[in-house]
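Visitor: I should like to look closely at one part of this structure. Could you describe it for me in a connected way, explaining each term as you use it?

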Number of protein chains: 2
Amino acid sequence: MSQSEGKRMTDIGIFNELSEYIAIRINSCREESHDGDWIEHKAHNDYDLWFVQAGTVRIQIGGIEHTANPGDVVFFYPQVPYMAASPGEGCRFIYVHFDYGIGGQQRILGDFPLSGIVAHERIREEAELFRGTFIRSTQPGGVPGSRLYLKAGLTAVMARIIELHGLGRYTGAFVSGRNPRKSEGSLDVLQPIFKYVHDHLHRSMKMSELAALAGISEKYFISYFKKALGITPGQYIYQVKMNRARDYLYEKKHTVQQIAGYLGYPDPFTFSKAFKKYYNVPPSKFV
Amino acid sequence: MSQSEGKRMTDIGIFNELSEYIAIRINSCREESHDGDWIEHKAHNDYDLWFVQAGTVRIQIGGIEHTANPGDVVFFYPQVPYMAASPGEGCRFIYVHFDYGIGGQQRILGDFPLSGIVAHERIREEAELFRGTFIRSTQPGGVPGSRLYLKAGLTAVMARIIELHGLGRYTGAFVSGRNPRKSEGSLDVLQPIFKYVHDHLHRSMKMSELAALAGISEKYFISYFKKALGITPGQYIYQVKMNRARDYLYEKKHTVQQIAGYLGYPDPFTFSKAFKKYYNVPPSKFV
């Protein structure tokens with residue numbers, strides 16, 4: 001990968017920035033086999049991945065037909081009706097139902113077109129890792145740690161899908177059918193804020209500025225932001241600043257005073273206090 | 001692995017049961033090289049793993065010397081003073097500082113003897129996975145998803161350490177030096193409760209019974225439990241019941257009414273409501 005690809009700032013980079021907040025909850029995970037006359041009409045209640053192990057799965061969503069082959073990974077969003085069938089020889093796949101979110105917002109991906117079929121050659125390593133963790137988790141009696149493994153496997157698969165999309169190598173082709181309730185909030189509306197925060201870390205930012213960028217009245221801004229992203233604007237800015245502080249310290253070429261300045265803290269003492277609150281150590285002892 | 005090994009109920013199985021609650025937060029992750037005259041006296045503020053890449057690391061804790069070789073993984077607990085050196089050729093390792101906990105309890109492992117050196121042959125696959133995710137996370141500019149990958153790698157390493165200990169194949173040899181503050185609570189005290197809950201799911205359990213098992217006055221019981229485990233006894237029992245409900249439904253040989261009975265619900269309706277609250281689908285549509 002070239003440096004320019006790595007540097008490209010993409011919308012979905014928000015999940016990298018907020019990686020420490022993101023939580024996965026696995027609701028169920030099983031392997032199923034179907035024979036050639038299987039037809040399923042359904043809509044899932046949570047995120048759902050299918051890891052095709054054998055045979056061919058045909059999926060119809062919004063009148064369009066898609067085909068998944070062995071090794072491919074099918075990613076469904078919640079509440080989207082589909083029809084699945086496996087004409088001919090039948091099929092076998094591992095499915096996992098899960099939530100993927102931040103704080104009270106358990107469905108953080110809805111604004112990104114990730115729902116579709118990820119071709120096996122793009123996700124081979126992660127899909128194999130997941131399959132291994134799945135097999136381990138089905139050992140009789142429950143091996144200690146096996147559910148944690150499963151989470152590791154799913155975390156890697158999701159990281160891969162987000163990476164592929166961020167690098168412009170994958171966009172899901174399923175019609176999302178997403179029609180967010182007003183109360184839920186959309187990350188799209190907040191994207192100008194993420195960029196603005198990123199570019200203005202060196203100075204203090206007022207909630208009124210940020211609200212204006214999103215075109216939301218100041219009164220509703222914080223609660224809108226929190227519903228959409230799962231954390232408040234203040235928590236978001238703090239997290240971004242702590243990430244940058246970490247990166248600057250890793251570079252080993254800036255003083256604590258300089259970093260305090262880059263990040264809009266009035267003085268090194270205030271910065272050190274904020275840093276220590278997050279990392280448990282003062283910046284001077286971090287690296 | 002034999003079935004009896006898989007079935008053995010070990011204390012550390014609690015983390016498998018509570019896998020959906022466990023959160024990892026990575027505070028820092030870097031590679032360092034040291035030459036032959038390196039000596040470090042330190043105590044970490046959080047959990048710390050070293051993945052030895054080259055050379056030999058000698059670690060002295062509580063007057064005992066330990067040696068870590070390439071491929072070995074060294075696991076430090078917080079607040080334990082050590083001396084590290086690399087006599088002769090020097091050394092190179094990747095370190096990661098992190099929290100591992102549930103809710104407000106960010107140091108959930110302290111009661112288990114996991115701090116020590118995990119020999120490379122026991123953790124090769126997970127250590128390699130972690131190393132791969134580390135390399136990806138250091139790409140210039142921040143590849144989207146790379147911090148999520150890192151979390152996947154660390155989750156797998158921790159799952160492996162917990163698994164090895166649960167199967168009796170690894171016990172950390174570092175003196176823990178742990179002296180829990182009274183306010184923090186110890187999981188040891190709660191172990192009889194975990195077993196009791198496990199064995200009595202079919203009937204309602206009173207807080208007073210559970211408190212008595214731990215030898216804690218009823219008045220302090222809930223807050224003690226929550227400090228030690230990060231969730232309340234009620235949340236713990238609910239999680240265990242939902243795990244078992246899932247397992248029974250997977251078996252496809254029990255009715256909803258039977259499962260409600262196994263899990264101490266007064267009727268199938270109350271069970272279905274509790275189930276749906278957790279899984280977003282009623283038990284009849286789960287599998």
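Guide: A:Trp50 stands opposite A:Tyr95, which belongs to β8(A). This is a predicted model, in which local features need pLDDT of at least 70 and side-chain atom pairs count only at pLDDT 80 or more, while totals for chains, interfaces and linings use all residues. Residues are numbered from 1 along each chain as its sequence is written, chains are lettered from A and ligands numbered from 1 in the order in which they are written, and side-chain values use heavy atoms, leaving out hydrogens and water.

Strand β3 of chain A, residues 47-55, runs antiparallel to β8(A) and is joined to β8(A) by eight bridges. Strands (E, at least two residues) and helices (H or I, at least four) are DSSP runs, numbered from the N terminus; two strands pair if DSSP finds at least two bridges between them.

In chain A, an open sheet of five strands follows the order β1-β8-β3-β6-β9, with antiparallel pairing. Its edge strands, each pairing on one side only, are β1 (22-34) and β9 (116-118) of chain A. From one strand to the next, the twist averages 20°.

Helix α4 of chain A, residues 146-166, packs on this sheet and touches β1, β3, β6 (73-76), β8 and β9 of chain A. Contact means heavy atoms within 4.5 Å. The direction of helix α4 makes about 100° with that of β1(A); axes are lines fitted to C-alpha atoms, for helices over the stretch in contact, and angles run from 0 to 180 degrees between N-to-C directions.
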